[in-house]
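Please open the structure in your viewer and keep the selection tool at hand. The tour proceeds from one stop to the next, with a selection to make at each.

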Amino acid sequence: MKTYQIAMVNKKTSLPKGLWNNLTGLTLVWLLLSLMMVGTVSLFHLNDYITHPQFNHFEHLTYFYQQGLADKLNEAMYYLYFIVDTLWPLVLVRMLYLLVKGKNVRISAKWMQIYEVLLATALLFDYLENTIYIFQLQFAEPLKWIYFSKLSLYGIVLVVALAVAYDRHFKENAALFFKFLKASSISILGLMVIVLLLTQMPQGSSLVIDLLSNPINLFFTLYVLTLISLIFSHHPSTLLFLHKSREERSQGHWKMAGGFLRHGIVYFEKEKKLEEGDTSTQQPELDEYAKPLRYFLGSLIYFAFLYILLFTYEKYIWEGFRYDLLIAVLFIAQLLLFSILRKRTTSKGEITEQRRRIWDVEAIYLWGYFLTVVALFGSVVASLLYGWELVTFLLVLSFLILRSFIEMSGRLMKRDKDRTYGGVLATMSNLESLERRLLQNKDSAGNFVPRKQTYIKWTGFTALLVLIAAHHPPMAENLNPILVLMLYLHIFYGILTILVKSYLYFNQEDIRSEENRKSNFKWGFKLIKNIFRFAPVVVILLIAARSIPVENLNLLSEREFHSESSMPVDTFIQNHLSKDLKPADSVNTRVYISSFGGGLRATVWNLLLMEKMHQSDSAFLEKIVAVSGVSGGALGQAFYFAIQKEDPQNSPRIISEIGKGNFLTTDLVYLLGADAIRKSKWGFPNRSGIAMQNYWRKISGGPGFCIDPTPFQTYWKKGFDQMGYYPALITNATNINRRYGIASSLYADENLFYRIFPYSTNLLLNANEKSLSFFDGVSTTERFPIFSATAFVNDGGHFVDGGYFENSGILSLMNLRKYINSRDTSTNYQDKLIVIDNDMGGFINRFIRDTEESFSHKIHLKFDGISGLGAVMKGAMSNFELPAYLAEYYSEEHDPELDTEMVYLPYRLRYSDITGFWGANPKDTAAIQFILERIENNNQRIDSAIHKFLQEQNAEHMTDRQRRWKFAYPSLSRLLSEASYRYFRAMMYHEEVEEFLDNFPK
């Protein structure tokens, strides 16, 4: 087995000069070719099924040739891709060969020959695959095996190359590298959390669009990114100290700074003899090894946001843009630059003379600094003028790319103080020098001054003050949640570092001596000195404390309630439903409306639909018997009632303010702030109560701190009397014992309530004849765990979001209908159920059902594999099945006396949306083509609705690409961008929505 081992030798292997034998030069060529491939692949995009010139669904190869090359642009990109792909693998194979054959590395001749054969064979299979595609050969089965053989061979040669790279660059310092990884684990985790929150959470893209539409938030977010980059690269140096040996720790002392600005800052000061270059004591090796890696880690925060930005771009603007490949290319370019700078600079960051002769590295760096400043302020100006638009996107993209390279190279490279510049470079030199002086840790005399730590300290205090101020809802509404997340990350990371530094400071031998102990806080000294010993106990105690039941936790205030001030359900039936509105020989239509949940998206969709119906027919409310909603849908129905009661003349303006409002930042601020500490509702409302204040402020036009305290049923009765009529209103919550909670505007005593709504809990009435206010009662329906606080109701228990039980409101609505029909014996009426759905899943379900009904034969599916954990998560997170069943059950087929109509929020669809909903792919080419045709038809109807809206606004001159920027379909969130609100308004002109409005009972 020795022949498998890679041996290091002192003799350098000499290779002929030239690009073909220059690994760095070949890497640059390979990166350029990779960028060309990213461009060709992105431009080739035909649909969400045919996205790449190398079509790996081999069973549909004929269809690929027919459809993929039908368009002239696709055909050009197709052949250009394979021209580039002729050079790309050749350069890659040569790079791998040079890496394994390179200097200081030797493999036995036998194994090197085998490696060369593997490289040649992988290249041969790559060219065979390209040949089949170029000449459009019908070799589906051979192509399949060629493709997998190619991947397998490339995998083998890459593993060997990585083994060589490890042996060459990491093996000698593997222990140091893994220590660095441990010390950097929190920074890496922070990066992962940011990326996952803003790409995998539905609302992430909406936050990005809103951020780029707000110049002030954009500026401060980009600034905070530079701060987080500094923190990510600096704080691991403290955690590295925990991994040092006793000898390495003795090379200096932890000190605590004094003075106003630096008071309490703990920092490590090396011994003077080490600073002066005395070699009698070995300098800690770990610090020198980790220093450039820390700088590289700090630059990765920009790559995280680069990925998030490009993810949003592909999602809304350029479907099929290969942002993942672009990020990979840019990341490899960053690694290459890092490698070059490490080779061309000394350990102190000075540029070698050899490097100066090749090109002026420092001048290039200053020009890059200049472009970064231009990109920063250009982004803010573009955001102010255009908002979420191409120019803003490109400038922010440029800032992130440039700053990531500048951040790393600026730390690795020491500026030459003797050099002078003129013009732009002089200004940039002074500006960059100011930044360096702000962050350097020495004064002009060479004394250590913790300036960097001081900067981090005071920015941390500023972040804390901003977050405290953001507990004031009007301020929170003006802060983008992404900025808030960055500020919290700064604070939490700082708290951890303070604890570590305090532990290290108080556990030094000189501090622990009896003389110094007297000069420190005795109790504080003992606590901090042993903080990590007590940490597990403290964590257990905190968990136990949070687990102790608190009687008033999230308790909703109740008001005095008298049943005389409400409308009994039987009175509503007898006085307002039993009378004939039409002659006896005609049929009246009684409308029942249910509204799916879905956050602010559902709220706005319901508000706009109700407003549109009102504009079409001022008496439309008289046709509706009752409305029932869940979560955001219930809020939309309840708020529309409140708007009509409080300020009907300004209804469009109020709906617009709600649709463009930011209700998410308050949730985040309170979730990680006041609500993480508070144990009782008394004194201050929790985040769900604050959300109701925010809504009430927009509805009432007042300050919003004191919501109308009128009990739910009394408030509704006043609105009913004021307007002459209003449909019964039902909101639905979920009791943690899995019953569903009902807040009904119609009064019923305990026995009657359970007859109408079996297996439920009355949210509004307890034994003390008290009741929740209207807005407290409504708030119980939208209590999504973690993001919202649970609701505690006396004699009712704890409640969470209504969607956990049934996410449409149909169940409670049909129970009420059943009781009404049992009490009203008139026969000249027809019931109609209108279900308002805002979820993409519901829209896709309808799309699939209609597609299957229209297709000439059954669509056969090939199901994808899924892990056990994936199956559990997908099943646990889904709340679509029960409302879908109820919507299907309460149809004319099962209930002849009920006519059911679904009103969907239309969505632009992709093929992957359909297969993702199925969890499977169609087997037949004809089925795939039919689905793609229907997707195209669906998306054309979306574009048609947008065009009608633009005609109404006299802006129909927009191109298709411009419309993509101006209209972004909404996600499940409590913050919708202006582009999403504009999309809602445009969908009022969708042919299906217009048809619904035209057919609404007159």
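Two residues are said to be in contact when heavy atoms of theirs lie within 4.5 Å. The model on the screen is a predicted one.

**The whole chain**

Begin by displaying the entire protein chain as a cartoon. It contains 44 helices and 17 strands. The chain has 1002 residues, of which 53% count as buried. Next, switch on the surface: about 46200 Å² of the protein chain is exposed, and carbon and sulfur atoms supply 59% of that area. Consider also how the chain meets itself. Among contacts with a separation of 6 or more, 77% are between residues 24 or more positions apart.

**Ser383 and its surroundings**

Select Ser383, which belongs to helix 16, residues 361-385. Is Ser383 buried or exposed? Ser383 is buried, because its relative accessible area is 2% and the term applies to values under 20%.

Now show the residues around Ser383. Apart from its neighbours within four places in sequence, Ser383 is in contact with Leu212, Ser213, Asn214, Pro215, Leu218 and Thr392. Add Leu218 to the selection: Leu218 and Ser383 are 165 residues apart along the chain, yet 7.9 Å separates their C-alpha atoms. Then turn to Asn214, whose backbone nitrogen lies 3.4 Å from a polar atom of the Ser383 side chain.

**The largest cavity**

Next, look for enclosed spaces. The structure holds three cavities of 30 Å³ or more. The largest cavity contains about 110 Å³ of space. To find it, select Leu211, Leu212, Phe305, Leu309 and Val396, the closest to its centre of the 14 residues in its lining. Leu212 has appeared before, as one of the contacts of Ser383.

Colour the helices around the largest cavity. Those that give two or more residues to its lining are helix 8 (204-212), helix 9 (215-234), helix 13 (285-316) and helix 17 (390-412). Which helix supplies the largest share of the lining of the largest cavity? The answer is helix 9, with four residues. By residue type, the lining of the largest cavity comprises 13 nonpolar residues, one polar and no charged.

**Lys698**

Move to Lys698, within helix 32, residues 687-700. Lys698 counts as buried because its relative accessibility is 11%, and the limit for that term is under 20%. Show its partners as sticks: with neighbours within four places in sequence left aside, Lys698 is in contact with Glu477, Ile654, Glu657, Ile658, Gly661 and Phe663.

**Two positive phi values**

The last two stops concern the backbone. Select Gln136, in the loop between helix 4 (109-134) and helix 5 (140-170). Its phi is near 55°, a positive value in a residue other than glycine. Gln136 is partly exposed, because its relative accessible area is 31% and the term covers values between the 20% and 50% limits.

Finally, select Ser631, which is placed in helix 28, residues 631-646. Ser631 is likewise not a glycine, and its phi is positive, near 55°. Is Ser631 buried or exposed? Ser631 counts as buried, because its relative accessibility is 6%. Display Gln136 and Ser631 together to end the tour: Gln136 sits in a loop, whereas Ser631 sits in a helix.

Notes:
Residues are numbered from 1 along each chain as its sequence is written. This is a predicted model: local features need pLDDT of at least 70, side-chain atom pairs count only at pLDDT 80 or more; totals for chains, interfaces and linings use all residues. Side-chain values use heavy atoms; hydrogens and water are left out. Buried means under 20% relative accessible area, exposed over 50%, partly exposed in between (1.4 Å probe, protein chains only). Accessible areas come from the Shrake-Rupley method with a 1.4 Å probe; for residues, only the protein chains shown count as cover. A polar contact is a pair of N or O atoms within 3.5 Å; within protein, one must be able to donate a hydrogen and the other to accept it, and residues adjacent in sequence count only if both atoms are side-chain atoms. On a 1 Å grid over the protein atoms alone, a cavity is a set of points where a 1.4 Å probe fits but cannot get out, and a pocket is an open set with protein on both sides within 12 Å along at least five of seven lines; lining residues have an atom within 4 Å of a point. Grid points are joined across faces, edges and corners, and a volume is the space filled by probe spheres set on the points. Ala, Val, Leu, Ile, Met, Phe, Trp, Tyr, Cys and Pro count as nonpolar, Asp, Glu, Lys and Arg as charged, and the others, Gly among them, as polar.
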